[in-house]
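I opened the notebook to look up a few local features, one at a time. Here is the entry, written as I went.

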Amino acid sequence: QLQLVESGGGMVQPGGSLRLSCARSGSTLDSYAIGWFRQAPGKEREGVSCISSSGVSTKYADSVKGRFTISRDNAKNTVYLQMNSLKPEDTAVYYCAAVWKPRYGVAGSWCATTNEYDHWGQGTQVTVSS
C-alpha cells in the first residue's frame with residue numbers, strides 16, 4: 001500500500017511563502033506521477049499542479065502560475081510544492097496524490113491536474129490571513 005504524507009502547511013500572511021512536502025515512507029516515488037490538489041471550505045477540490053515521474057513535465061492551474069513551483073527529489077522520495085506570493089484565496093487543505101507511471105517512455109512524461117490518481121494523502125492545511 002502506498003502511503004503519502006503531506007507536511008509544511010500552516011498559517012502565513014498574504015504575500016508570504018510556504019513549501020509543502022509530499023513523502024512516501026519505506027519505498028520510492030520515482031515511478032509515480034504526483035499531483036497537488038486543494039479543497040477550500042464549501043468548494044470542490046481543484047488541481048493545483050503536477051509533475052511527471054521523470055520530472056520532465058509539470059503543469060499548473062492558471063490561478064497559481066508564476067507563484068507556485070513543483071519539484072521532486074527522488075533520492076529523498078519527496079515532491080515539493082513551493083508556494084510564493086500567497087493570497088487569501090489560496091487557503092485550503094492541500095493534498096498530494098500519486099499514480100504509477102514508469103519513468104521511461106511516454107508514461108514518464110505524463111501528469112495531470114485532473115483526478116486520475118490512485119493514492120491520496122491525508123492533506124495539510126494552508127491558511128493565508130492577515
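The notes below go from a sheet to its hairpin, then to the aromatic rings, and end with single residues.

**Sheet**

I am working from a predicted model. I started with the strand order. I found an open sheet of four strands, ordered β1-β3-β8-β7, with antiparallel pairing. Its edge strands are β1 (4–7) and β7 (68–73), and each of them pairs on one side only. From one strand to the next the twist averages 15 degrees.

Next I checked how β1 is held. Strand β1 runs antiparallel to β3 (residues 18–24), and four bridges join them. I picked V5 and looked for its bridge partner, which is A23 in β3.

**Other edge and hairpin**

I then went to β7. Six bridges join β7 to β8 (residues 78–83), again an antiparallel pair. One bridge I noted puts S71 opposite Y80 of β8.

Which side chains of β7 are buried, and which are not? They alternate along the strand. F68, I70 and R72 point to one face and are buried. T69, S71 and D73 point to the other face and are not buried. I marked R72, an arginine, as part of the buried set.

β7 and β8 form a hairpin, with four residues between them. N77 sits in the turn and has a positive phi of about 55 degrees. N77 is not a glycine, so I flagged that value. I also looked up its exposure: N77 has 16% relative accessibility, so it counts as buried because the cut-off is under 20%.

**Aromatic rings**

I listed the aromatic pairs and got three. F37 and Y117 pair edge-to-face, at 5.6 Å centre to centre with 75 degrees between the planes. Why does this pair tie together parts that are far apart in sequence, 80 residues? F37 lies in strand β4 (residues 32–39), while Y117 is in the loop between β9 (92–100) and β10 (119–120).

Both rings are buried: F37 has 3% relative accessibility, and Y117 has 6%. Y117 also pairs with W110. Those ring centres are 5.9 Å apart and the planes stand at 50 degrees, so I logged this pair as tilted. W110 is partly exposed, with a relative accessible area of 22%.

I put the ring pairs together. They link F37, W110, Y117 and W120 into a cluster.

Then I searched for charges over these rings. R45 lies over the face of W120, 4.1 Å from the ring centre. K101 has its charged end over the ring of W110, at 4.5 Å from the centre.

**Single residues**

S85 was my next stop. S85 is in the loop between β8 and β9. Its phi is near 50 degrees, a positive value in a residue other than glycine. S85 counts as partly exposed, at 41% relative accessibility.

Last came T127. T127 belongs to strand β11 (residues 124–128). Its side chain makes a polar contact with the side chain of Q125, at 3.3 Å. What does T127 touch beyond residues up to four places away in sequence? I found G10, M11, V12 and T91.

Methods
Residues numbered from 1 in each chain as written. Predicted model: local features only at pLDDT ≥ 70, side-chain atom pairs only at ≥ 80, totals over all residues. Heavy atoms only, no water. Helix = DSSP H or I, 4+ residues; strand = E, 2+ residues; numbered from the N terminus. Polar contact = N/O pair within 3.5 Å; in protein donor to acceptor, adjacent residues only side chain to side chain. Contact = heavy atoms within 4.5 Å. Pairing = 2+ DSSP bridges. Axes fitted to C-alpha atoms, helices over the stretch in contact; angles between N-to-C directions. Buried < 20%, exposed > 50% of the residue type's maximum accessible area, 1.4 Å probe, protein only. Phe/Tyr/Trp six-rings, centres within 6.5 Å; stacked < 30°, edge-to-face > 60°. Lys NZ or Arg CZ within 6 Å of the ring centre and 35° of its normal.
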